[in-house]
Amino acid sequence: MVNETVQTLTIAGTDSGGGAGVMADIKTMQMRHVFSAAVIVAVTAQNTIGVQDFMPIPKKLIDEQFASVADDLKIRACKTGMLADVATVEAVVENLKKYDLGTLTVDPVMVAKGGAHLLSEDAIKTVREQLLPLADILTPNLPEAEELTGLKIANKDQMIDAAKKLQDLGVKNVLIKGGHQTESKESADFILLESGKSFWVSSPRIDTVRTHGTGDTLSSCITAEIAKGADVETAIRIGKKYVQATIANGIQVGHGHGPLNHWATFEGDGE
Ligand SMILES: Nc1ncnc2c1ncn2[C@@H]1O[C@H](COP(=O)(O)OP(=O)(O)O)[C@@H](O)[C@H]1O
Ligand SMILES: Cc1ncc(COP(=O)(O)OP(=O)(O)O)c(N)n1
């Protein structure tokens, strides 16, 4: 008798260029030795230079994908990424309430590195009011945390304030990513756990344009580790080490913000 394989789910958009979205999620899950299913909620025409176009998937097909996955697979942890617009966020929320899909990590993707909006302005309110209360872990970058809290975040103290405010909005565990603090020598993320414990995970900032998909990769790695049984703190610490390794061991693809090296390994990794 073979033990059941650990199964996860990504609920997100595709990236035709292969660097972000569902593509980054599945590569990460594979590298972290879990099986990943996918509910595609939007399709983008995208490469390392930017997002040329995208189209949300109709609600009926989103519902059918959720049903197909939930009727057959045993999902231990799932994550959301690009959610496009109000109708898509509402469809995802409805399905997350309907099915048991394990621990939920919400990566509130809003704007791609090239500047394209992957979530409509009016959908930010829907994410704040309907999706955040379902999230076990929320992983906003600095601009996303500003949008969700209405706070200006220009330093570490303000990251701490924003994390507290996000917990007040109903999120259990908050990870605010510091990757957008480009003037700093370190890339420091702040974590506030459900227990009230807080800590920073920091790594040296790597001077590179090959950072397309960093947020997706971090949140997918956390989802994979949670699915395997790690606690939230351990999953986040592994996620930070993995994303650092994928940036540090860069690969050369495309002419713009290049993708990460998902084959990368790091010292002390059990996988
Ligand atoms: N240049 C960099 N060097 C090292 N770590 C980075 C760099 N850019 C981002 N990171 C890390 O990658 C993860 C994703 O961060 P961020 O880029 O802020 O998210 P997003 O991709 O959602 O905008 C975080 O752990 C962050 O600290
Ligand atoms: C389809 C899709 N989903 C998410 C993103 C954003 O990914 P992220 O990890 O935040 O990386 P950047 O795009 O900011 O480099 C995306 N671009 N496409």
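Helices, at least four residues long, and strands, at least two, are DSSP runs numbered from the N terminus. In this predicted model, helix H5 covers residues 142-149. Helix H5 gives the most to the lining of the second largest pocket, with three residues.

That pocket has a volume of about 200 Å³. Its lining counts 14 residues. Met110, Val111, Asn141, Pro143 and Glu144 lie nearest the centre of the second largest pocket. By class, this lining divides into six nonpolar, four polar and four charged residues.

The largest pocket holds about 810 Å³ of space. It is lined by 41 residues. Nearest its centre are Lys113, His180, Thr211, Thr214 and Gly215. Several elements give two or more residues to this lining. Among the strands these are E1 (7-15), E2, E8 and E9. The helices are H7 (214-228) and H8 (232-248). The lining of the largest pocket has 20 polar residues, twelve nonpolar and nine charged.

Closed spaces were examined next. Rolling a probe the size of a water molecule over the atoms shows where empty space is left. The structure holds two cavities of 30 Å³ or more. The largest cavity has a volume of about 70 Å³. Its lining includes a run from Gln46 through Asn47, Thr48, Ile49 and Gly50 to Val51. Ala112, Lys113 and Gly114 also line the largest cavity, as do His212 and His257. Seven of these lining residues are polar, three are nonpolar and one is charged. Lys113 lines the largest cavity, and Lys113 is also among the residues nearest the centre of the largest pocket.

The second largest cavity contains about 40 Å³ of space. Its lining is made by Gly81, Leu83, Val106, Asp107, Pro108, Val109, Leu119, Val127 and Leu131. Here the classes are seven nonpolar, one polar and one charged.

Strands E8 and E9, named above for the largest pocket, also carry an aromatic pair. The count of such pairs comes to one. Phenylalanine 190 and tryptophan 200 form this pair, with 4.9 Å from centre to centre. The angle between the planes is 55°, and the pair is tilted. Phenylalanine 190 lies in strand E8 (residues 186-192) and tryptophan 200 in strand E9 (residues 198-204), so the pair ties together parts that are ten residues apart in sequence. The two partners were also assigned an accessibility class. Phenylalanine 190 has 4% relative accessibility and counts as buried, because buried means under 20%. Tryptophan 200, at 26% relative accessibility, counts as partly exposed.

Tryptophan 200 has a further contact. The charged end of lysine 156 sits over the ring of tryptophan 200, 4.6 Å from its centre. A charge sits over a ring in another place as well: the charged end of arginine 32 lies over tyrosine 242, 5.7 Å from the ring centre.

Backbone angles were considered next. Most residues other than glycine have a negative phi. Histidine 33 has a positive phi, near 65°. This residue is placed in the loop between helix H1 (21-31) and strand E2 (35-46). Histidine 33 is exposed, with a relative accessible area of 54%. Alanine 84 also has a positive phi near 65°. Its place is the loop between strand E4 (75-80) and helix H3 (86-98). Alanine 84 counts as buried, at 3% relative accessibility. Histidine 33 is thus an exposed loop residue, whereas alanine 84 is a buried one.

Helix H7, one of the elements lining the largest pocket, contains isoleucine 222. Isoleucine 222 is buried, with a relative accessible area of 0%. Its C-alpha atom is separated by 8.7 Å from that of threonine 234. The two residues are twelve residues apart along the chain.

An annotation covers much of this ground. For residues 15-261, an unreviewed UniProt entry lists "domain: Pyridoxamine kinase/Phosphomethylpyrimidine kinase". Over residues 15-261 the chain is 40% helix and 20% strand. The end C-alpha atoms of this stretch are 16 Å apart.

Technical notes:
Residues are numbered from 1 along each chain as its sequence is written. Chains are lettered from A and ligands numbered from 1 in the order in which they are written. This is a predicted model: local features need pLDDT of at least 70, side-chain atom pairs count only at pLDDT 80 or more; totals for chains, interfaces and linings use all residues. Side-chain values use heavy atoms; hydrogens and water are left out. UniProt positions are given in the numbering used here, feature names are shortened, and annotations may be inferred rather than shown by experiment. Rings of Phe, Tyr and Trp (its six-membered ring) pair if their centres lie within 6.5 Å; planes under 30 degrees apart count as stacked, over 60 as edge-to-face and the rest as tilted. Buried means under 20% relative accessible area, exposed over 50%, partly exposed in between (1.4 Å probe, protein chains only). A charge sits over a ring if NZ of Lys or CZ of Arg is within 6 Å of the ring centre and within 35 degrees of the ring normal. On a 1 Å grid over the protein atoms alone, a cavity is a set of points where a 1.4 Å probe fits but cannot get out, and a pocket is an open set with protein on both sides within 12 Å along at least five of seven lines; lining residues have an atom within 4 Å of a point. Grid points are joined across faces, edges and corners, and a volume is the space filled by probe spheres set on the points. Ala, Val, Leu, Ile, Met, Phe, Trp, Tyr, Cys and Pro count as nonpolar, Asp, Glu, Lys and Arg as charged, and the others, Gly among them, as polar.
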